[in-house]
Amino acid sequence: MKENQALSESPVQPVYTHSYTVEPAEANAQQELPLPLLVKRILEVATLHAESWGIGYSDLIKQRQVWVLSRLSIEMTRYPRIHENYTLETWIEGYNKHFSSRNFAIYGADGTPCGYARTIWVVIDLETRASVDLSQLDYIARNITDRPCPIDKQSRVRDVHDDHPATHRVGYIDIDLNRHVNSVKYIEHLLDLFDLERYDRQQVHRFEISYANEARYGTPLQLLKAEEAPDNFALEIRDDQTVYCKGRIIFENR
């Protein structure tokens, strides 16, 4: 994989930039950057930015704390294609004692925006699984920027009703270092609710997900979808007792 660290990176800058190339082995059936891989890049760039401030995984894990993604909204006009360079920029919009809001811009090789993302993060204690007061991370407050993000904040998703949900039992490949389902795996399972023909005909214009609980190895999951408007689907992953995440996917014609 080719990676180019942008010259504008700096431990003291509130906006962090990182560039990649879409390699053929990474591309999806439409020869584009897959949405799950884009989310992985978003997580990676957020981690790199936090590391540059001394509040990333390397530092927090010493206190048995980690950043956890709570909400994600992505809106794309197009997806970079094979061999195309693309760049992610990230910045902090705001934070309080419970959550930090971090935004992203995704640029194609010509420098024009392909899309944007909004994310909400929380720090949890690995022993208690409870959230940590973010006011201790005063570096965030000193690096908030008023740079706008031109996509809407996440919509509200009510309970999803699906008489014939897909099912999936959490396996080894789903589990991350915290021993619960990796946040990207939920997205992959939700995208699999739609067939290949739809992805050939349409692209994901907007995707939202809100994480509520942690699914563990062996959990039998139900994957639900309900069309609330043309090409606009509410999504949910749950079992008989617990909702693990809710989301939304909006398609548009290519």
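Visitor: Which residues have the most contacts inside the largest nonpolar core?

Guide: Keep in mind that this is a predicted model. In soluble globular proteins, nonpolar side chains tend to be buried together. Here the largest nonpolar core takes in 48 residues, and the ones with the most contacts inside it are Leu38, Phe207 and Ile249.

Visitor: And which helix gives the most to this core?

Guide: Look at the core of 48 residues again. The top contributor gives 8 residues, and that is H1.

Visitor: What does Phe207 touch, if you skip its neighbours within four places in sequence?

Guide: Phe207 sits in strand E8, which runs over 202–211. Its partners beyond four places include Ser73 and Arg248. The rest of the list is Leu35, Leu72, Ile74, Ile187, Leu190, Leu191, Leu235 and Ile249.

Visitor: How many residues are in the other core, the one lying apart?

Guide: Trp91, Ala105, Tyr116 and Cys149 are among its members. Its full count is 6 residues.

Visitor: What about the second largest pocket: how much space lies in it?

Guide: Rolling a probe the size of a water molecule over the atoms shows where empty space is left. For the second largest pocket, that space comes to about 370 Å³.

Visitor: Which residues are closest to the centre of that pocket?

Guide: The lining has 20 residues, split into 11 nonpolar, 4 polar and 5 charged. Helices H1, H4 and H5 each give two or more of them, as does strand E8. The closest to the centre are Asn28, Gln30, Pro36, Leu191 and Tyr199.

Visitor: Which element gives the largest share of that lining?

Guide: The largest share is 3 residues. It comes from E8.

Visitor: Is His180 buried or exposed?

Guide: You'll find His180 in the loop between strand E7 (166–169) and H4. Leaving aside neighbours within four places, it is in contact with Arg129, Asp174, Ile175, Glu214, Ala215 and Arg216. Its relative accessible area is 9%, and buried means under 20%, so His180 counts as buried.

Visitor: How many disulfides are there?

Guide: A disulfide is a covalent bond between the sulfur atoms of two cysteines. Cys114 is buried at 1% relative accessibility, and Cys245 is buried at 0%. A pair counts when the sulfur atoms are within 2.5 Å, and by that rule the number of disulfides is 0.

Visitor: Stepping back, what share of the chain is buried?

Guide: The chain has 5 helices and 11 strands. Of its contacts with a separation of 6 or more, 69% join residues 24 or more positions apart. Among its 254 residues, the buried share is 51%.

Definitions and conventions. Residues are numbered from 1 along each chain as its sequence is written. This is a predicted model: local features need pLDDT of at least 70, side-chain atom pairs count only at pLDDT 80 or more; totals for chains, interfaces and linings use all residues. Side-chain values use heavy atoms; hydrogens and water are left out. On a 1 Å grid over the protein atoms alone, a cavity is a set of points where a 1.4 Å probe fits but cannot get out, and a pocket is an open set with protein on both sides within 12 Å along at least five of seven lines; lining residues have an atom within 4 Å of a point. Grid points are joined across faces, edges and corners, and a volume is the space filled by probe spheres set on the points. Helices (H or I, at least four residues) and strands (E, at least two) are DSSP runs, numbered from the N terminus. Ala, Val, Leu, Ile, Met, Phe, Trp, Tyr, Cys and Pro count as nonpolar, Asp, Glu, Lys and Arg as charged, and the others, Gly among them, as polar. Buried means under 20% relative accessible area, exposed over 50%, partly exposed in between (1.4 Å probe, protein chains only). Contact means heavy atoms within 4.5 Å. A nonpolar core is a set of buried Ala, Val, Leu, Ile, Met, Phe, Trp, Tyr and Cys residues joined through side-chain atoms within 4.5 Å.
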